[in-house]
Amino acid sequence: MQLDKDQAKKFYEAFLDDTNPIQPHEEIIIQNILRTKTSQSGWRFKKGIHCIGCKKELTVLDLVLSSFDRHSPEDLREFLDTKTFNEGAVIAYAGDDEVPKVQIFNHRLMIRCTSCGEENESANLTGCDYYTYRRPPLAGLLVSVSQTCFDRLMVAAKD
Ligand SMILES: [Zn+2]
């Protein structure tokens with residue numbers, strides 16, 4: 001589905017409501033691990049995902065640290081500092097000065113809790129209901145969501 005500018009604006013507002021921003025201490029940790037001075041301040045991750053182990057709400061930091069299971073810090077830094085986008089994504093909105101590019105990308109997600117170490121995995125490949133985040137500023141202001149999350153946010157955007 002392609003969004004026009006008005007729809008994209010409403011979608012983005014719904015997305016902001018549905019996500020928590022990175023915390024300042026998390027930004028410093030991530031910058032240190034990635035050995036970069038690039039600000040990570042645009043990074044957000046879905047609200048209300050609680051660890052199945054300790055019930056802590058999972059954060060951007062949990063998401064980033066979990067990604068090192070599959071990617072080295074060098075890979076991740078390169079990913080963040082360039083405009084490389086995931087292949088196979090559907091672009092719902094190309095992006096402009098007000099609304100970031102919106103990409104739909106169905107992806108299984110495992111997030112290891114930094115408090116208790118429990119692995120929190122999305123239910124299935126195509127219906128992942130918490131694949132929702134925004135990548136930091138340098139990388140083309142990208143919002144990335146699963147189809148399930150996209151549909152849910154579009155309903156929220158109409159209210
Ligand atoms: Zn936990």
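The chain exposes about 8200 Å², and carbon and sulfur atoms supply 51% of that area. This figure, like the others given here, belongs to a predicted model. Beneath the surface, buried residues make up 43% of the 159 residues in the chain. The radius of gyration of the chain is 15 Å, and because a compact globule with 159 residues would have a value near 15 Å, the two agree. Along its principal axes the C-alpha trace spans about 40 × 35 × 30 Å.

The charged side chains can be described in a similar overall way. There are 20 positive and 24 negative side chains in the chain, and the centres of these two sets lie 1 Å apart.

Turning to the fold, the chain has 5 helices and 8 strands, and, read along the sequence, these elements follow the pattern α-β-α-β-α-α-β-β-β-β-β-β-α. Contacts also link distant parts of the sequence: among those between residues at least 6 apart, 61% join residues at least 24 apart.

Helix H2, which covers residues 24-34, shows how one of these elements is placed against others. Its buried residues are Glu-26, Glu-27, Ile-30, Gln-31 and Leu-34. When the helix is seen down its axis, the buried residues of H2 fall within an arc of 135°, so they line one face of the helix. The spacing fits a general rule, since an α-helix has 3.6 residues a turn, so that residues three or four places apart point the same way. The buried residues of H2 pack against two other helices, namely H3 (60-67) and H4 (73-81).

Directly after H2 comes Arg-35, whose phi is positive, near 50°. Most residues other than glycine have a negative phi, whereas Arg-35 has its positive value although it is not a glycine. Arg-35 is placed in the loop between H2 and strand S2 (44-46). Its relative accessibility is 70%, and because a residue over 50% is taken as exposed, Arg-35 counts as exposed.

A positive phi is also found at Lys-55, a residue other than glycine, where the angle is near 70°. Lys-55 has its place in the loop between S2 and H3, and H3 is one of the helices against which the buried residues of H2 pack. With a relative accessibility of 57%, Lys-55 counts as exposed.

Definitions and conventions. Residues are numbered from 1 along each chain as its sequence is written. This is a predicted model: local features need pLDDT of at least 70, side-chain atom pairs count only at pLDDT 80 or more; totals for chains, interfaces and linings use all residues. Side-chain values use heavy atoms; hydrogens and water are left out. Buried means under 20% relative accessible area, exposed over 50%, partly exposed in between (1.4 Å probe, protein chains only). Helices (H or I, at least four residues) and strands (E, at least two) are DSSP runs, numbered from the N terminus. The arc is that of the directions from the helix axis to the C-beta atoms. Contact means heavy atoms within 4.5 Å. The radius of gyration is taken over C-alpha atoms; the globule rule is 2.2 Å times the number of residues to the power 0.38. Accessible areas come from the Shrake-Rupley method with a 1.4 Å probe; for residues, only the protein chains shown count as cover. Lys and Arg count as positive and Asp and Glu as negative; His and the chain ends are not counted. The place of a charge is taken as NZ of Lys, CZ of Arg, CG of Asp or CD of Glu.
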